[in-house]
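User: I would like to learn how helix packing and residue burial are read from a model. Please take me through an example.

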Amino acid sequence: TITNDGINENGVLASVHVVLSDGIDDQSGTNAGGEVIDGRYVVRYVLDHAKSAEHAVSLLEKANIVGGFGQYGLHWMIADEKDTYVVEVIGGKLAVSKNEYNYMTNFYLNYSPVQETQTVGGTTFENLPLLNERAIGVERWAYLREHYAESNTADGMAKLMESVKATTVYTQEENALWLTEHSSDGLTIHS
């Protein structure tokens, strides 16, 4: 089975999200000659081997990560008590950045330099990487950035997650459509 997220005995957390790769995510491998790890099993590999988030990144930089999830690429958030990283495969290379926000959604955070402002589908975003047709989840990410501080309790986190259960997906033509990520009503700390 595929492990989507978890935390190990060393306090290292790892989670995976899908991203629309559309030619960005070279699924042929990141490091020829390195230990081959299927992208679907990176979380399990990190949980089994990493002593810290920084150690996990070091392990992944030495590995040859191949494959995605069907037509989608994958990217990972790896964290411990000290550091949080976003790890992505872009153009056949591992792209790693520190994540000061401690959350991510389903678009590449290492795809391009941060843009001061940009408008996509009629919505203006500030201080995000270049957004394009691969920007699934950008509204959720922006909402999380604005409201994350309010989620310091279990009820606060449930309320925050209820607020970001759907997102707009933009095509190259910037036509918006909704992607529902949680279909039942009333997300609570028990569901």
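Analyst: The discussion below treats a helix pair and then two residues. This is a predicted model, in which local features need pLDDT of at least 70, side-chain atom pairs count only at pLDDT 80 or more, and totals for chains, interfaces and linings use all residues. Residues are numbered from 1 along each chain as its sequence is written, and side-chain values use heavy atoms, with hydrogens and water left out.

User: At what angle do helix 1 and helix 2 pack, and how far apart are their axes?

Analyst: Two packed helices are described by the angle between their axes and the distance between the axes. Here helix 1 (residues 42-49) and helix 2 (residues 53-62) pack at about 125°, and their axes are 10 Å apart. Helix 1 is therefore oblique to helix 2. The crossing of the two helices is right-handed.

User: Which residues make the contact between helix 1 and helix 2?

Analyst: Contact means heavy atoms within 4.5 Å. Helix 1 contributes Val42, Tyr45, Val46 and His49, while helix 2 contributes His55, Ala56, Leu59 and Leu60. By class, this contact has 6 nonpolar, 2 polar and no charged residues.

User: Is Thr3 buried or exposed?

Analyst: Buried means under 20% relative accessible area, exposed over 50%, and partly exposed in between (1.4 Å probe, protein chains only). Thr3 has a relative accessible area of 15% and is therefore buried. Thr3 lies in the segment before strand 1 (5-7). Not counting residues up to four places away in sequence, Thr3 touches Val16, Arg40, Val43, Arg44 and Leu47.

User: Where does Ile90 lie?

Analyst: Ile90 lies in strand 6 (residues 84-90). With a relative accessible area of 17%, Ile90 is buried.

Terms used: Axes fitted to C-alpha atoms, helices over the stretch in contact; angles between N-to-C directions. Helix = DSSP H or I, 4+ residues; strand = E, 2+ residues; numbered from the N terminus. Parallel < 35°, antiparallel > 145°, perpendicular 65-115°, else oblique. Left-handed = near helix turned anticlockwise from the far one by under 90°. Nonpolar A, V, L, I, M, F, W, Y, C, P; charged D, E, K, R; others polar.
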